[in-house]
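Reader: Hi! Could you take me on a close look at one part of this protein, and then show me how that part sits in the rest of the chain?

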Amino acid sequence: MSGKLVSGVPQGSVLGPVLFLLFINDVIDIFSPGVTARLFADDLKLYVEIVTDADHLLLQNNLIKLEEWSRLWQLNISVKKCNISTIGNAPNLGYSYMLNNNLLPNVSVAKDLGILVDSKLKFDVHINSIITRAHQRAGCIFRCFLSRDVDWFVKAFVTYVRPIVEYASPIWNPTAKTLIAKIEAVQ
């Protein structure tokens with residue numbers, strides 16, 4: 001190492017992930033009752049059922065608590081990756097939320113751990129996205145391989161295309177026949 005490490009943990013170290021989890025583990029404790037917080041690695045999700053104006057203020061106040069926590073622990077929040085997603089049939093009540101003096105965008109489709117979820121908790125957008133990516137990858141395999149040996153194509157498909165189609169499939173598994181047919185068409 002060329003210099004002294006004065007802050008943090010060297011990236012790629014064996015202890016890095018464990019130390020990071022210990023470092024951020026207390027963030028859950030800062031939130032008020034009525035606010036649900038979920039952590040996965042460095043992703044944080046806050047949930048609040050918005051029924052009254054007080055619920056709106058509860059969420060905004062907890063976003064402020066998160067700002068203060070991040071300043072205290074010198075852990076920057078990537079605001080560009082943050083958004084607000086309204087789940088359910090309730091109309092958008094016109095609330096807006098701020099984080100680090102930035103207005104958070106209200107989105108109808110949010111990406112969560114690589115899965116696209118819409119405001120109705122449907123996965124049509126996600127399925128169409130993976131079908132497009134899988135077809136592109138399969139087409140690339142056909143164009144790039146000079147050999148037309150079926151065994152090579154099967155190995156390439158299993159290695160490069162199937163992971164796209166199968167990632168987190170128990171979560172987004174389609175029930176509509178049209179979506180199932182689209183996924184099967186990739187194969």
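**A close look at helix 3**

Author: Happy to. In this predicted model, the buried residues of helix 3 pack against four elements: strand 8, helix 4, helix 5 (169-172) and helix 6. The buried residues themselves are His 126, Ile 127, Ile 130, Ile 131, Ala 134, Ala 138, Gly 139 and Ile 141. Their spacing is worth a glance along the sequence. An α-helix has 3.6 residues a turn, so residues three or four places apart point the same way. As for its length, helix 3 has 21 residues, and the distance from its first C-alpha to its last is 30 Å, close to the 30 Å expected at 1.5 Å a residue.

Now to the core that helix 3 helps to build. The largest nonpolar core has 19 residues. Those with the most contacts inside this core are Phe 123, Ile 127, Ala 134, Val 161, Trp 172, Ile 183 and Val 186. Two or more residues each come from strand 8 (115-118), helix 3 (124-144), helix 4 (150-166) and helix 6 (177-186). Ala 134 is a good residue to click on: leaving aside residues up to four places away in sequence, Ala 134 touches Val 161, Ile 164, Val 165 and Val 186. Apart from this core lies another one, of 15 residues, with Leu 59, Trp 69, Ile 84 and Leu 104 among them.

Let's step back to the whole chain. The chain has six helices and eight strands, and from the N terminus the order is α-β-β-α-β-β-β-β-β-β-α-α-α-α. The radius of gyration is 22 Å, well over the 16 Å that the globule rule gives for 187 residues, so the chain is more spread out than a compact globule. Along the principal axes, the C-alpha atoms fill a box of roughly 60 × 55 × 25 Å. Buried residues account for 26% of the 187 residues, and the chain exposes about 13300 Å², of which carbon and sulfur atoms supply 58%. Among contacts with a separation of 6 or more, 47% link residues 24 or more positions apart.

The N-terminal part of the chain offers a hairpin. Strand 1 (residues 36-40) and strand 2 (residues 43-47) pair in the antiparallel sense, over five bridges, and Leu 39 has Leu 44 of strand 2 as its bridge partner. Two residues lie between these strands, and in this hairpin Ala 41 takes a positive phi near 55 degrees.

That brings us to some backbone details in the loops. Most residues other than glycine have a negative phi, and most peptide bonds are trans. Gln 74, although not a glycine, has a positive phi of about 50 degrees. Gln 74 sits in the loop between helix 2 (53-72) and strand 3 (84-85), where it is exposed, with a relative accessible area of 69%. Asn 76 lies in the loop between helix 2 and strand 3 too, and it counts as exposed at 74% relative accessibility. The C-alpha atoms of Asn 76 and Asn 100 are separated by 9.8 Å, with their positions 24 residues apart along the chain.

Finally, back towards helix 3: Leu 113 is in the loop between strand 7 (109-112) and strand 8. Leu 113 has a positive phi near 55 degrees and is partly exposed, at 37% relative accessibility. Strand 8, at the end of that loop, is one of the elements that the buried residues of helix 3 pack against.

Key: Residues numbered from 1 in each chain as written. Predicted model: local features only at pLDDT ≥ 70, side-chain atom pairs only at ≥ 80, totals over all residues. Heavy atoms only, no water. Core = buried A, V, L, I, M, F, W, Y, C linked by side-chain atoms within 4.5 Å. Buried < 20%, exposed > 50% of the residue type's maximum accessible area, 1.4 Å probe, protein only. Contact = heavy atoms within 4.5 Å. Pairing = 2+ DSSP bridges. Rg over C-alpha atoms; globule rule 2.2 N^0.38 Å. Areas by Shrake-Rupley, 256 points an atom, 1.4 Å probe, with all protein chains shown as cover. Expected span 1.5 Å × (residues − 1).
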